[in-house]
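This report is written for a reader who meets the structure for the first time. It begins with one residue and widens step by step to the whole chain.

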Amino acid sequence: MATTDSEPKWYILHTYSGYEAMVKDSLERLIENNNLSDSIVDVKIPTEQTIEEKANGKKKVVERKLLPCYVFIKMVYSNQLWYLVTNTRGVTGFVGPQGRPIPMKEEEIRKMRLEDYVADADFRVGDRVSIDNGPLEGFIGTIKEINEQTQRAKVNITMFGRSQDVEVEYVQMQKISEDAVEIPAEEE
């Protein structure tokens with residue numbers, strides 16, 4: 001691997017369990033103290049919100065780490081930065097062969113939602129779409145609602161003989177063109 005890349009890329013850091021937030025804070029201080037904002041562009045811990053039910057029956061929204069023990073860092077790789085980052089308290093090393101980082105692929109970045117993608121979406125309520133990615137891959141449905149901020153749509157599909165509304169990201173679906181072969185919809 002070359003000692004220096006010219007543009008920032010996403011890399012994965014492995015950390016001790018429970019140290020993710022501390023590593024992120026330490027890296028942000030490292031960036032600030034050493035004026036590295038041009039070299040280390042972003043540090044993220046991918047999370048999702050889930051609803052947990054407590055013993056007393058109350059439901060609570062909880063922020064949960066998608067990948068415990070991992071922190072994602074967007075940086076212009078150099079041997080000097082590798083040394084600074086790997087010597088940060090709580091970091092066990094970069095994910096890659098012999099601890100040398102391998103940049104993440106575009107598909108992985110999109111899947112982990114590390115960057116906001118403004119999809120050139122031309123979706124409208126009533127459009128027929130095919131779901132091309134994710135757990136609902138292969139299903140075809142009709143858009144019922146659109147949320148531009150989250151880039152998600154509520155799509156009505158038929159699953160196990162029943163009509164079901166599911167939430168799908170723009171990047172997971174594709175509009176079925178008008179001149180495509182019409183697929184008969186199952187009756188409700």
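Lys 74 counts as buried in this predicted model, because its relative accessibility is 18% and the cut-off for a buried residue is under 20%. Lys 74 belongs to strand 5, which spans residues 70–75. Apart from neighbours within four places in sequence, Lys 74 is in contact with Pro 8, Lys 9, Trp 10, Ser 39, Ile 40, Val 41, Asp 42 and Glu 115.

The strand that holds Lys 74 is itself mostly covered, with 5 of its 6 residues buried. Strand 5 belongs to an open sheet of 4 strands, arranged in the order 2-5-1-6 with antiparallel pairing. At the edges are strand 2 and strand 6, each of which pairs on one side only. From one strand to the next, the twist averages 30°. In general terms, strands of a sheet pair through backbone hydrogen bonds, in either a parallel or an antiparallel sense.

The pairings within this sheet are set out below.

| Strand pair | Sense | Bridges | Residues that stand opposite |
|---|---|---|---|
| Strand 1 (residues 9–15) and strand 5 | antiparallel | 6 bridges | Ile 12 and Phe 72 |
| Strand 2 (residues 40–44) and strand 5 | antiparallel | 4 bridges | Ile 40 and Met 75 |
| Strand 1 and strand 6 | antiparallel | 3 bridges | Leu 13 and Phe 94 |

Two helices pack on the sheet. Helix 1 touches strand 1, strand 2, strand 5 and strand 6, and its direction makes about 165° with that of strand 2. Helix 2 also touches strand 1, strand 2, strand 5 and strand 6, while its direction makes about 150° with that of strand 6.

Which residues have the most contacts inside the largest nonpolar core? They are Leu 13, Leu 27, Ile 40, Ile 73, Met 75 and Val 85, in a core of 18 residues. Two or more residues of this core come from each of strand 1, helix 1 (20–33), strand 2, strand 5, helix 2 (79–86) and strand 6 (91–94). Helix 1 gives the largest share, 4 residues. Val 85 shows how these parts meet: beyond its neighbours within four places in sequence, Val 85 is in contact with Leu 13, Leu 27, Ile 40, Ile 73, Met 75, Val 91 and Phe 94.

A second, separate core has 12 residues, including Phe 123, Ile 143, Ala 153 and Ile 157. In soluble globular proteins, nonpolar side chains tend to be buried together. Ile 157 lies in strand 9, residues 152–159, and it counts as buried because its relative accessibility is 0%. Leaving aside neighbours within four places in sequence, the contacts of Ile 157 are Ile 131, Leu 136, Phe 139, Ile 140, Gly 141, Arg 162, Ser 163, Gln 164 and Val 166. Of these partners, Ile 131 is 26 residues away along the chain, and the C-alpha atoms of the two residues are separated by 9.8 Å.

The view may now be widened to the whole protein. Its secondary structure comprises 3 helices and 11 strands, which follow one another from the N terminus as β-α-β-β-β-β-α-β-α-β-β-β-β-β. Of its 188 residues, 31% count as buried. Among contacts with a separation of 6 or more, 56% join residues 24 or more positions apart. The protein exposes about 12,600 Å², of which carbon and sulfur atoms supply 46%.

Methods. Residues numbered from 1 in each chain as written. Predicted model: local features only at pLDDT ≥ 70, side-chain atom pairs only at ≥ 80, totals over all residues. Heavy atoms only, no water. Buried < 20%, exposed > 50% of the residue type's maximum accessible area, 1.4 Å probe, protein only. Contact = heavy atoms within 4.5 Å. Pairing = 2+ DSSP bridges. Areas by Shrake-Rupley, 256 points an atom, 1.4 Å probe, with all protein chains shown as cover. Core = buried A, V, L, I, M, F, W, Y, C linked by side-chain atoms within 4.5 Å. Axes fitted to C-alpha atoms, helices over the stretch in contact; angles between N-to-C directions.
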